[in-house]
Amino acid sequence: MENIKLNIEKTLGFISKEKLASYEPKVKACMETLEKGTGLGNDFLGWLHLPSSITQEHLDDLKATAQVLRENCEVVVVAGIGGSYLGARAVIEAMSDSFAWLKEKKAGQPVILFAGHNIGEDYLYELTSYLQDKKFGIINISKSGTTTETALAFRLLKEQCERQRGKEMARKVIVAVTDAKKGAARTTADKEGYKSFIIPDNVGGRFSVLTPVGLLPIAVAGFDIEQLVNGAREMEKVCASENLMENPSALYAATRNELYQNGKKIEILVNFQPKLHYFMEWWKQLFGESEGKDHKGIYPSSVDFSTDLHSMGQWIQEGERTIYETVVSVETPNHELKVPTDAENLDGLNFLAGKRIDEVNKMAELGTQLAHVDGGVPNMRVSVPMLNEFYLGELIYFFEKACGISGYLLEVNPFNQPGVEAYKKNMFALLNKPGYEAESKAIQARLNK
Ligand SMILES: O=P(O)(O)OC[C@H]1O[C@H](O)[C@H](O)[C@@H](O)[C@@H]1O
């Protein structure tokens, strides 16, 4: 089976191949630091060999739990935010029929909804209203067990689930994925007797999609977590190579860092497959939260093409030349649809008649690549043979390994996120949270100056 492939040819007009080759010893050192656990953030390296360490027993436990939810729920709400949400949604959206949610509900195939990823009163009102006549379950996901957004949503949903389905059934269809020992989610799970899964201490949120954080919701959605893990295992092997040109993660990490050193401060991750939108969102957290430190780091952004060529295309073609693009390209669609002939041909498209729609998409991709490179935008391309669980697993590990190497090349700690605490402290102070009396007084004085 072929693997995903990285092509950096369209960056070599902007950076030199020799300079890139000179990264090899540095990248090798970064990989050794990861392997030996001697670098910054070395408490959070559990993701590095997670794929190869996942046991069949663990997968069977996840699938059995998923089956309980599938058999007893019309809807399963996944409560989580950041790393406790994005990986599951990325894979589920990539694998789902774009209109599944409109199609006839099938027994044993619950609708998957998300909550706890915002503080939207209307969102939560509309969700709880929708659930009023539904047999629903909850997967409550939080590594810390204390994240406000998730806890707020879970407080609403737990009460509604117990009220609508009774305590006993609620106990059966609420599953917690959280810390082994600490946090409110763990306390509640143990007190209520929920089935629970542990998020390993040494796996940070944005690297946790291959723990039960992602695997349980993906299994409940009906997708093949064994194949997802197999893809990640394959890429774990491929990305162990010390040969820069044979290790796609290392080459991607080196190329993006050399581009950054040459003034390309913003990476735009691009898809031409709309199902990958949330995969882009997962990638943004992975790299943004890992590298945006010490006033350094490539800013991760994303676009859905060709859609956003009609909104962001102008900026990318002619704006400030501080950007580069990384295109994730799915080689073959899962379905076939051809352009029909039209007798009147008023739209002038009969020249496309009989061609696959994806042939048009691929020419849009190639035309865009040529135009943007001509316009001064370096371009990398990650080709994915097809959209399935195996290749999504490869993509996940490819980017995770690259992120670890890239963060060390940038000389930051890729595995902490101290910056996310500032807004929380202010929010708690403004809400007069108990224990924040001094902060509340100070922030009010500041606001009333
Ligand atoms: O899983 P949790 O502890 O609820 O954290 C959820 C998210 O919120 C935190 O503030 C961090 O930004 C993320 O790295 C994390 O994934």
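The following paragraphs describe a parallel sheet, a ligand shell and three unusual backbone positions in a predicted model. In this predicted model, local features require pLDDT of at least 70 and side-chain atom pairs count only at pLDDT 80 or more, while totals for chains, interfaces and linings use all residues. Residues are numbered from 1 along each chain as its sequence is written.

The sheet is open and has five strands in the order S3-S2-S4-S5-S6, with parallel pairing. Its edges are strand S3 (111-115) and S6, each of which pairs on one side only. From one strand to the next, the twist averages 20 degrees; axes here are lines fitted to C-alpha atoms, for helices over the stretch in contact, and angles run from 0 to 180 degrees between N-to-C directions. Helices (H or I, at least four residues) and strands (E, at least two) are DSSP runs numbered from the N terminus, and two strands pair if DSSP finds at least two bridges between them. In general, strands of a sheet pair through backbone hydrogen bonds, either parallel or antiparallel.

At the S6 edge, strand S5 (residues 174-178) and strand S6 (residues 195-198) run parallel and are joined by four bridges. Ala176 stands opposite Ser196 in S6, and Val177 has Phe197 as its bridge partner. Together with helix H8 (residues 184-192), S5 and S6 make a right-handed β-α-β unit; right-handed means that, with the strands pointing away from the viewer, the path from the first strand over the helix to the second runs clockwise.

The ligand is surrounded by 14 residues, of which the closest are Gly82, Gly83, Ser144, Thr147 and Gly205. A residue counts as near if its C-beta atom, placed from the backbone, lies within 6 Å. The shell has nine polar, three charged and two nonpolar residues. In this scheme Ala, Val, Leu, Ile, Met, Phe, Trp, Tyr, Cys and Pro are nonpolar, Asp, Glu, Lys and Arg are charged, and the others, Gly among them, are polar.

Most residues other than glycine have a negative phi, and most peptide bonds are trans. His295, in the loop between helix H12 (277-291) and S8, has a positive phi of about 55 degrees. His295 is exposed, with 5 other C-beta atoms within 10 Å. Asn432, in the loop between helix H16 (421-430) and helix H17 (437-447), also has a positive phi of about 55 degrees. Asn432 counts as exposed, with 12 C-beta neighbours inside 10 Å. The classes are buried for 20 or more other C-beta atoms within 10 Å, exposed for 12 or fewer, and partly exposed in between, with C-beta atoms placed from the backbone. The peptide bond from Phe305 to Ser306 is cis, with omega near 5 degrees, and Ser306 belongs to the loop between strand S8 (299-304) and helix H13 (313-318).
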